[in-house]
Amino acid sequence: MSWLIIASCVILCCSFSSFFRLEKLGALKWDKVVHGNQAWRLITCIWLHAGVIHLLANMLSLIFIGIRLEKQFGFSTLSVPFCSGSVLSSLFIQRRISVAASGALFGLLGLMLSELLTNWTIYTNKATALITLMVIIVINLAVGILPHVDNFAHIGDFLTDFLLGFVLLLRPQFGWVGRKHLPAGARVTSKHKAYQYLFLVIAMVLLIAGFTVGLVMLFRGENGHDHCSWCHYLSCVPTSKWHCGN
């Protein structure tokens with residue numbers, strides 16, 4: 001059984017909780033992180049689920065997405081928890097608590113996209129794979145504009161793992177893999193393409209800069225909406241059927 005599935009089962013006991021219990025268990029709450037010296041909530045919130053449906057949806061997503069990536073790149077590559085989604089959530093959602101377990105699933109989608117792009121030359125049916133993946137990503141992010149869904153955590157983890165994929169998921173070219181079977185004196189293909197190294201450097205710069213700026217803004221007590229007046233539409237779009245409030 002996949003280690004990702006086992007890890008999700010371990011946190012089952014944290015999944016059937018009221019919001020009050022979730023706060024006690026370590027759910028994300030802006031004032032406690034910034035003014036209560038409880039920065040650890042940026043990490044603990046990524047292990048919590050809001051209920052049974054939330055848990056089951058995440059488990060099914062892990063089955064269809066996580067196992068494939070784990071088989072290709074190993075458990076250790078995918079097992080590092082990253083709290084960028086909770087940082088972005090704290091900057092924009094400051095009046096209610098949040099749990100960010102689903103952010104990891106959007107992170108996996110980000111990894112799949114960057115893995116496809118950085119290893120573009122070794123794939124067949126590239127366009128079909130890219131279009132299919134983009135449709136899945138758009139549909140999942142669109143669900144996040146419904147009320148009471150923390151889409152900022154989804155977007156933060158998606159973007160972070162999208163960049164992280166350019167760093168962690170490079171694959172060697174076929175010519176490099178088969179170099180042992182080449183005759184003596186034959187030209188050996190380089191292990192990676194130049195564009196892969198370029199993507200890696202750009203991704204590293206953006207990761208470090210983005211995460212640093214986010215943390216500085218968070219612990220200075222800034223509100224992300226003060227810097228982006230339209231960003232609230234990324235998490236909730238009001239309609240005649242519901243309103244978004246604060």
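The link between Cys 228 and Cys 231 is right-handed, with 80° about the S-S bond. In this predicted model, the sulfur atoms of Cys 228 and Cys 231 lie 1.9 Å apart and form a disulfide. As for their surroundings, both Cys 228 and Cys 231 are buried.

A further disulfide joins Cys 236 and Cys 244, whose sulfur atoms are 2.0 Å apart. Here the torsion about the S-S bond is about -85°, so the link of Cys 236 and Cys 244 is left-handed. A reader following both bridges in the structure will thus meet a right-handed link at Cys 228 and Cys 231 and a left-handed one at Cys 236 and Cys 244. The two ends of the Cys 236 and Cys 244 bridge can also be looked at one by one. Cys 236 has a relative accessibility of 10% and therefore counts as buried, the cut-off being under 20%. Cys 244, with a relative accessible area of 27%, is partly exposed, because this value falls between the limits of 20% and 50%.

Altogether, the count comes to two disulfides. When the bonded cysteines of the protein are numbered in sequence order, the pairing reads 1-2, 3-4. Another cysteine worth finding in the structure is Cys 45, which counts as buried because its relative accessibility is 0%.

Attention now turns to the helices. Helix α10, residues 151–168, packs with α12 at an angle of about 140°, and their axes are 8 Å apart. This angle makes α10 oblique to α12, since only angles over 145 degrees would count as roughly antiparallel. The crossing of the two helices, α10 and α12, is left-handed. On the α10 side, the residues that meet α12 are Thr 160, Leu 163, Leu 164, Phe 166 and Val 167. Their partners in α12 are Phe 199, Leu 200, Ala 203, Met 204, Leu 206 and Leu 207.

How confident is the predictor in these regions? Across the protein, the mean pLDDT is 80, and 82% of the residues reach 70 or more. Helix α12, residues 194–219, is where confidence is highest, at a mean of 93. Confidence is lowest in helix α1, residues 3–10, at a mean of 48. Over residues 3–17, pLDDT stays under 50. For this stretch, residues 3–17, the model has 32 contacts beyond four places in sequence.

Terms used: Residues are numbered from 1 along each chain as its sequence is written. This is a predicted model: local features need pLDDT of at least 70, side-chain atom pairs count only at pLDDT 80 or more; totals for chains, interfaces and linings use all residues. Side-chain values use heavy atoms; hydrogens and water are left out. A disulfide is a pair of cysteine sulfur atoms within 2.5 Å. Buried means under 20% relative accessible area, exposed over 50%, partly exposed in between (1.4 Å probe, protein chains only). pLDDT is the predictor's confidence in each residue, from 0 to 100. Helices (H or I, at least four residues) and strands (E, at least two) are DSSP runs, numbered from the N terminus. Contact means heavy atoms within 4.5 Å. Axes are lines fitted to C-alpha atoms, for helices over the stretch in contact, and angles run from 0 to 180 degrees between N-to-C directions. Angles under 35 degrees count as roughly parallel, over 145 as roughly antiparallel, 65 to 115 as roughly perpendicular and the rest as oblique. A crossing is left-handed if the near helix is turned anticlockwise from the far one by less than a right angle, and right-handed if clockwise.
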